[in-house]
Amino acid sequence: MAPPRSLAGAAIAATAAAIVLSCLLYRRKCARLAARVREVEVSLAVAAEKVAAERRGRVRAQQSLRRALSQQESRSDEARPAKAAAPASYPLAPIGTVQSCFSTRNGTPRQPLVVTLARATVALDPARVPAAALEGLASYSHCWILYVFHLNTDLDKLWKDPARSKLKAKVRVPRLKGGKMGVLATRSPHRPNPIGLSVAKVEAVDGHTLLLSGVDLVDGTPVLDIKPYLPYSDSVKGAAVPNWLEVDGALAVESVHFSEHFIFALPTCWTHIQQQSLYASADEFQDLIKQVLSWDIRSISQRTRPHQVSMEADANDHCGEDTDDDHRDTGHCGVVYHLHLEGIDVSYRIDQGSNIVIEGAALLPDVVQKRHGYLAWRDKLGSSVL
């Protein structure tokens, strides 16, 4: 039997050997991990270089596309001097479409948030914009909508034959009763590029669709972009406007009244549109009509030459700036005007004292609205009150 001291020494020696072996194994493991880290770093560097190369390639391709479009535009414009540099082109495609309560330009508010009950949905194209792109937008109270004035009557000439399209430097402004102002000093839709900018209240978001209120957008408007409204940067303290914009009630009417014939006709129309309407009841829809007509929605030509108004012209006339040169103050209360809202033709008269009488309501023929109505949005609204 070995003495106790010999056993203790053997145990110590065995423990030391085990420690040395563990250290060797740990060092080998660390070396393998370090080698693996170096491999991953090299792989990441190669991937990053590939991404950077792809980005550079996309930039070069976009620049080449713009140059090609500019050269094509230059060749098509024979009137342009040979030495003039062609401007860069930036092709844009809509990301969605507005489905609005306003069927035509006539009656669509001239500015956003003026008619608080004016509602619309923006249906985004799933092929271009995933639903996740709207995540977080519902947390904002308002948003900016960038869009195209697609119903302008000069778009065909502007885009298809730019050589013949001349920018109108001045337009007639409703608040100036036909007086002219530089186009870039107005909100006229007839601009060098027919791009609009509107702020709207965000009511709810559902998948690829956004519900807005306070809009000044006509049905079918192509949307280019949506941005959140930021009060700390978008609201400018002390901002000044010209004196002609500070006139209170320049376009307000004196009174709005509903005739008995309209009161009886509206419920019948409402039964046909309520499933897809953005309004909870016929009474709320009637409030919308009153809000819209509380401002004189007629164009300058309609106000100065009412005897020439036809139903077709009334429904399609532009609600904003006018370019007619012959203006006469010949208001006449015998003319019947028409406002198209939610598939209903609302007829009304206005006298020389700016008093409006809403006379009738009739369903518009062949109007098919494909959108979710108020009932589909009700659960999404939460504490919001529409």
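The following paragraphs lead through a predicted model, starting at its N-terminal helix and ending with two loop residues of positive phi.

The unreviewed UniProt entry annotates residues 6–26 as a transmembrane region. In the model, the chain over residues 6–26 is 100% helix and 0% strand, with 30 Å between the C-alpha atoms at the two ends. Within these residues Val20, Leu21, Leu24 and Leu25 make a nonpolar surface patch of about 360 Å², and one of them, Leu21, is part of helix H1, which spans residues 4–76. Helix H1 also holds Arg36 and Glu39, which are three residues apart, or about one turn of the helix. These two side chains form a salt bridge in which the closest N and O atoms are 3.2 Å apart. Glu39 counts as partly exposed because its relative accessibility is 47%.

From the helix we turn to the strands, taking S7 as the point of reference. Strand S7 covers residues 209–213, and five of its five residues are buried. Its side chains are divided between two directions, with Thr209, Leu211 and Ser213 pointing one way and Leu210 and Leu212 the other, yet all of them are buried. On the one hand, S7 runs antiparallel to strand S2 (residues 119–124), to which five bridges join it, and here Thr209 is the bridge partner of Ala123. On the other hand, S7 is joined by five bridges to strand S6 (residues 195–206), again in the antiparallel sense, and in this pairing Leu212 has Val202 opposite. S6 and S7 form a hairpin with two residues between the strands, where Gly207 takes a positive phi near 60°.

The pairing can be followed onward from S6. Strand S3 (residues 142–148) pairs with S6 in the antiparallel sense over seven bridges, and S3 also pairs with strand S8 (residues 222–228), likewise antiparallel, over five bridges. Tyr147 serves to locate both contacts, since this residue stands opposite Gly196 in S6 and opposite Val223 in S8.

The salt bridges offer another way of tracing how parts of the chain meet. A search of the whole structure finds seven of them, among them the Arg36 and Glu39 pair already described within helix H1. A second salt bridge is formed by Glu284 and Arg119, whose closest N and O atoms are 2.6 Å apart. This pair links distant parts of the chain, with Glu284 in helix H5 (residues 282–293) and Arg119 in strand S2, 165 residues apart. Are these two charged residues buried or exposed? Glu284 counts as buried because its relative accessibility is 10%, and Arg119 counts as buried because its value is 2%; the cut-off that both satisfy is a relative accessible area under 20%.

Another salt bridge joins the side chains of Arg349 and Glu359, at 2.6 Å from N to O. Arg349 lies in strand S11 (residues 344–350) and Glu359 in strand S12 (residues 355–363), so this pair ties together parts that are ten residues apart in sequence. Here Arg349 is partly exposed, with a relative accessible area of 27%, and Glu359 is partly exposed as well, with 26%.

Aromatic contacts come next. A search of the whole structure finds six aromatic pairs, including Tyr279 and Phe285, which are arranged edge-to-face with 6.2 Å from centre to centre and 65° between the planes. Both of these residues are buried. Ring pairs link Tyr279 and Phe285 with Trp270 into a cluster.

Finally, the backbone deserves attention at two positions. Most residues other than glycine have a negative phi. Which residues depart from this, and where do they lie? Leu113 has a phi near 65° and lies in the loop between strand S1 (96–100) and S2, while Glu342 has a positive phi of about 55° and lies in the loop between strand S10 (337–341) and S11. As for their surroundings, Leu113 counts as partly exposed because its relative accessibility is 37%, whereas Glu342 is buried, with a relative accessible area of 1%.

Key. Residues are numbered from 1 along each chain as its sequence is written. This is a predicted model: local features need pLDDT of at least 70, side-chain atom pairs count only at pLDDT 80 or more; totals for chains, interfaces and linings use all residues. Side-chain values use heavy atoms; hydrogens and water are left out. UniProt positions are given in the numbering used here, feature names are shortened, and annotations may be inferred rather than shown by experiment. Helices (H or I, at least four residues) and strands (E, at least two) are DSSP runs, numbered from the N terminus. Patches are made of residues with over 30% relative accessible area and no salt bridge: like charges are joined within 9 Å, nonpolar side chains (Val, Leu, Ile, Met, Phe, Trp, Tyr) within 5 Å. Accessible areas come from the Shrake-Rupley method with a 1.4 Å probe; for residues, only the protein chains shown count as cover. A salt bridge is a side-chain nitrogen of Lys or Arg within 4 Å of a carboxyl oxygen of Asp or Glu. Buried means under 20% relative accessible area, exposed over 50%, partly exposed in between (1.4 Å probe, protein chains only). Two strands pair if DSSP finds at least two bridges between them. Rings of Phe, Tyr and Trp (its six-membered ring) pair if their centres lie within 6.5 Å; planes under 30 degrees apart count as stacked, over 60 as edge-to-face and the rest as tilted.
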